[in-house]
Amino acid sequence: MEEQRDDKLWRIAQRRAEFRKGLFSFLIINTFLWIIWWFTTGQKGDFRGVPWPCWVMLFWGLGLAKQYYEAYHGTKSDLAEKEYEKLKREGR
């Protein structure tokens, strides 16, 4: 007999799994981008300006940070639900 899943816990588990996949992709792809940069520009010692992989890491990292926050700290609806439960306990 199959155990029933708690839908809320299942959604949290899915968000966390998606974050881990995103983090793995971020690390692998950015490693390759830095390797490409190194072999095309970095070895020559041409360090003028910001290396282009920094821009990829910055913007992708911002998206990844948002994904992390939602996976481990909840979404807006989760936060609203927590606040509602708190107010309910206080008897308002």
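A salt bridge is a side-chain nitrogen of Lys or Arg within 4 Å of a carboxyl oxygen of Asp or Glu. In the structure considered here, which is a predicted model, a search of the whole structure identifies three salt bridges. The pairs concerned are described in turn below, followed by the packing of two helices and a patch on the surface.

One salt bridge is formed between the side chains of Lys8 and Glu81, with a nitrogen-to-oxygen distance of 3.1 Å. Lys8 belongs to helix H1 and Glu81 to helix H3 (residues 76–90), so this pair ties together parts of the chain that are 73 residues apart in sequence. Lys8 has a relative accessibility of 35% and therefore counts as partly exposed. Glu81, with a relative accessible area of 36%, is likewise assigned as partly exposed.

Another salt bridge joins Lys21 to Glu18, and the closest N and O atoms of this pair are 3.5 Å apart. Both residues are found in helix H1, where a separation of three residues corresponds to about one turn of the helix. Residues count as exposed when their relative accessible area is over 50%. Lys21 has a value of 52% and is therefore exposed, whereas Glu18, at 41%, is partly exposed.

A further salt bridge links Glu70 with Lys66, and here the closest N and O atoms lie 2.6 Å apart. Because Glu70 and Lys66 are four residues apart in helix H2, about one helical turn separates them. The relative accessible area of Glu70 is 26%, which means that this residue is partly exposed.

The arrangement of helices H1 and H2 was examined next. Helix H1 spans residues 7–40 and helix H2 spans residues 52–73; the two pack at an angle of about 170°, and their axes are 9 Å apart. Angles over 145 degrees count as roughly antiparallel, and H1 and H2 are therefore roughly antiparallel to each other. When the residues in the contact of H1 with H2 are sorted by class, 19 are nonpolar, five are polar and five are charged.

Individual residues of these two helices also illustrate how positions separated in sequence are placed in space. Tyr72 is located in helix H2 and is partly exposed, with a relative accessible area of 28%. Arg16 is located in helix H1 and is also partly exposed, at 29% relative accessible area. Although Arg16 and Tyr72 are 56 residues apart in sequence, the distance between their C-alpha atoms is 7.0 Å. Tyr72 and Arg15 are 57 residues apart along the chain, and a distance of 8.3 Å separates their C-alpha atoms.

Finally, the surface of the model carries a nonpolar patch of about 840 Å². The residues that make this patch are Phe24, Ile28, Ile29, Phe32, Ile35, Trp38, Phe39 and Phe47. Among them, Phe39 lies in helix H1. The relative accessibility of Phe39 is 54%, so this residue counts as exposed.

Key:
Residues numbered from 1 in each chain as written. Predicted model: local features only at pLDDT ≥ 70, side-chain atom pairs only at ≥ 80, totals over all residues. Heavy atoms only, no water. Axes fitted to C-alpha atoms, helices over the stretch in contact; angles between N-to-C directions. Parallel < 35°, antiparallel > 145°, perpendicular 65-115°, else oblique. Nonpolar A, V, L, I, M, F, W, Y, C, P; charged D, E, K, R; others polar. Buried < 20%, exposed > 50% of the residue type's maximum accessible area, 1.4 Å probe, protein only. Patch = residues over 30% accessible without salt bridge, like charges linked within 9 Å, V, L, I, M, F, W, Y side chains within 5 Å. Areas by Shrake-Rupley, 256 points an atom, 1.4 Å probe, with all protein chains shown as cover.
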